[in-house]
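Dear colleague,

I am handing over the structure below, together with an account of what was found in it. Please have the sequence and the structure open while you read.

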Amino acid sequence: MSLEIPDSMDDCLYFTRRVMDDGKVMCWVEKETCKECNKGLMGKPRGDDGKVKIRAKEYVCPDCKHTVEKKEYEETLTASIIYTCPECKHSGDTQVPFKRKKIKGADILRFQCESCNADIDIAKKFKKKKE
Ligand SMILES: [Zn+2]
Ligand SMILES: [Zn+2]
């Protein structure tokens with residue numbers, strides 16, 4: 001498998017780079033095409049000021065306004081990962097369902113190194129609240 005890094009972050013719902021002690025991970029989730037019209041890329045709705053509503057609880061198609069509940073949509077997505085394994089230094093890429101699991105109280109996206117089968121975890125970052 002050879003994954004291509006997306007040209008634009010605008011095509012991604014999620015993008016992160018992590019550096020670990022002996023490895024690194026780049027992970028992204030590309031927006032999926034609307035299932036109703038097969039044209040629009042499903043994304044967070046925009047407000048009247050044109051800004052994306054990041055806290056919105058749904059995704060909407062900009063073309064036909066088809067709306068899907070956030071959780072339902074995210075569970076159908078695929079995460080693409082390029083990594084260097086911290087255990088065996090293997091460099092590879094993989095794709096896994098974008099489903100986070102609760103591990104020790106944190107939201108974790110876990111995948112396995114294709115060479116040594118070690119678990120590699122991508123923890124959800126905690127953003128500082130502005131308000
Ligand atoms: Zn649509
Ligand atoms: Zn490994």
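Which residues make up the largest nonpolar core of the protein? In this model, which is predicted, that core holds 11 residues in all, namely V25, C27, W28, A79, I81, Y83, C85, L109, C113, I120 and I122. Three strands, β2 (24-30), β5 (78-84) and β9, each supply at least two residues of this core. Apart from it lies another core, this one of five residues, and C34, Y59, V60 and C61 are among them. As general background, nonpolar side chains tend to be buried together in soluble globular proteins.

One member of the larger set can be followed a little further. If residues up to four places away in sequence are left aside, L109 touches A79, F98, R100 and I122, and of these A79 and I122 are listed in the largest nonpolar core together with L109.

Turning to the protein as a whole, its secondary structure comes to one helix and nine strands, and along the sequence these follow the pattern β-β-β-β-α-β-β-β-β-β. The C-alpha trace spans about 50 × 40 × 25 Å along its principal axes. Of the 131 residues, 14% count as buried. When contacts between residues at least 6 apart in sequence are considered, 42% of them join residues at least 24 apart.

The domain assignment divides the protein into domain 1, given as 1-32 + 77-131, and domain 2, given as 35-67. Domain 1 is thus written in two stretches of the sequence, and the C-alpha centres of the two domains lie 24 Å apart.

The sheet deserves a separate look. Three strands form an open sheet in the order β7-β8-β9, and their pairing is antiparallel. Because β7 (101-103) and β9 (119-123) stand at the edges, each with a single partner strand, one side of each is left without a neighbour in the sheet. From one strand to the next, the twist averages 55 degrees. Strand β8 (residues 106-112) is joined to β9 by five bridges, and the two run antiparallel; R110 stands opposite D121 in β9. In general, the strands of a sheet pair through backbone hydrogen bonds, which may be either parallel or antiparallel in arrangement.

If you start from one place, I would suggest strand β9, since this edge strand of the sheet also supplies at least two residues of the largest nonpolar core.

With best wishes

Technical notes: Residues are numbered from 1 along each chain as its sequence is written. Chains are lettered from A and ligands numbered from 1 in the order in which they are written. This is a predicted model: local features need pLDDT of at least 70, side-chain atom pairs count only at pLDDT 80 or more; totals for chains, interfaces and linings use all residues. Helices (H or I, at least four residues) and strands (E, at least two) are DSSP runs, numbered from the N terminus. A residue is buried if 20 or more other C-beta atoms lie within 10 Å of its own, exposed if 12 or fewer, and partly exposed in between; C-beta atoms are placed from the backbone. Two residues are in contact if their C-beta atoms, placed from the backbone, lie within 7 Å. Two strands pair if DSSP finds at least two bridges between them. Axes are lines fitted to C-alpha atoms, for helices over the stretch in contact, and angles run from 0 to 180 degrees between N-to-C directions. A nonpolar core is a set of buried Ala, Val, Leu, Ile, Met, Phe, Trp, Tyr and Cys residues joined through C-beta atoms within 7 Å. Domain bounds come from an automatic or database domain assignment.
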